[in-house]
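Q: Please take a close look at a single helix of this model and describe its geometry, its packing and its surface.

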Amino acid sequence: MDTLPTVLLNEIWNMYWYDIYKITVIDEIKQLNKMLNKINTFMINHFYKNTSELYDKQISYYLKYYNEELRKIRDNKGYYLLCQFNNPKINYCFNKSLHSHSRVNNNYQFIAIYSIMFGIPCMRYQYWYRFEELQ
């Protein structure tokens, strides 16, 4: 490396650090946004339009999975701060006082609050009741 000209070395190092920045920062942000979009799309297509308790039980696996993804977002400080600025409504999902008084199973607590915050406003009590029935 010492035999290369300084201009070329600087260009190589700039490309190297840009690639590391892209991999560690930008790709992580894209991954977070993709996961939030997947959760939103799933809830729109499968939960909000649904009124059947049987179908709720059939999709419970996916609800647990997305609940776990929201839990991972809460536990990751970088994701949590990014969500505070980009999507302020999602902060209610992580409010500990809402979880302590609920009868919703721990496997569905984050996704239940998410459904209330992003779903149809006049249906929020119905959504909450549906999650209380899931066990």
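A: Ile12 is found in helix α1, the part examined here in a model that is predicted. Its relative accessibility is 35%, so Ile12 counts as partly exposed, given that the class lies between the limits of 20% and 50%. Together with Leu4 and Leu8, Ile12 makes a nonpolar surface patch of about 210 Å². In general, residues three or four places apart on an α-helix point the same way, because each turn takes 3.6 residues.

Asn10 also belongs to helix α1. A relative accessible area of 44% places Asn10 in the partly exposed class as well. Between the C-alpha atoms of Asn10 and Phe118 there is a separation of 48 Å, the two residues being 108 residues apart along the chain.

As to geometry, helix α1 covers residues 6–48, and its 43 residues should span 63 Å at 1.5 Å a residue. The C-alpha atoms at its ends are 60 Å apart, which agrees with that expectation. The helix nevertheless has a kink of about 35 degrees, and this kink is centred on Lys22.

The packing of α1 involves a set of buried residues: Leu9, Leu32, Met35, Leu36, Ile39, Phe42, Met43, Phe47 and Tyr48. The partners against which the buried residues of α1 pack are the helices α2 (53–58), α3 (60–75), α4 (77–86), α6 (109–118) and α7 (124–133). Helix α1 thus contains buried residues, including Leu9 and Tyr48, while Asn10 is partly exposed.

Terms used:
Residues numbered from 1 in each chain as written. Predicted model: local features only at pLDDT ≥ 70, side-chain atom pairs only at ≥ 80, totals over all residues. Heavy atoms only, no water. Helix = DSSP H or I, 4+ residues; strand = E, 2+ residues; numbered from the N terminus. Expected span 1.5 Å × (residues − 1). Bend = angle between axes of the 7 residues up to and from the residue. Buried < 20%, exposed > 50% of the residue type's maximum accessible area, 1.4 Å probe, protein only. Contact = heavy atoms within 4.5 Å. Patch = residues over 30% accessible without salt bridge, like charges linked within 9 Å, V, L, I, M, F, W, Y side chains within 5 Å. Areas by Shrake-Rupley, 256 points an atom, 1.4 Å probe, with all protein chains shown as cover. Salt bridge = Lys/Arg side-chain N within 4 Å of Asp/Glu carboxyl O.
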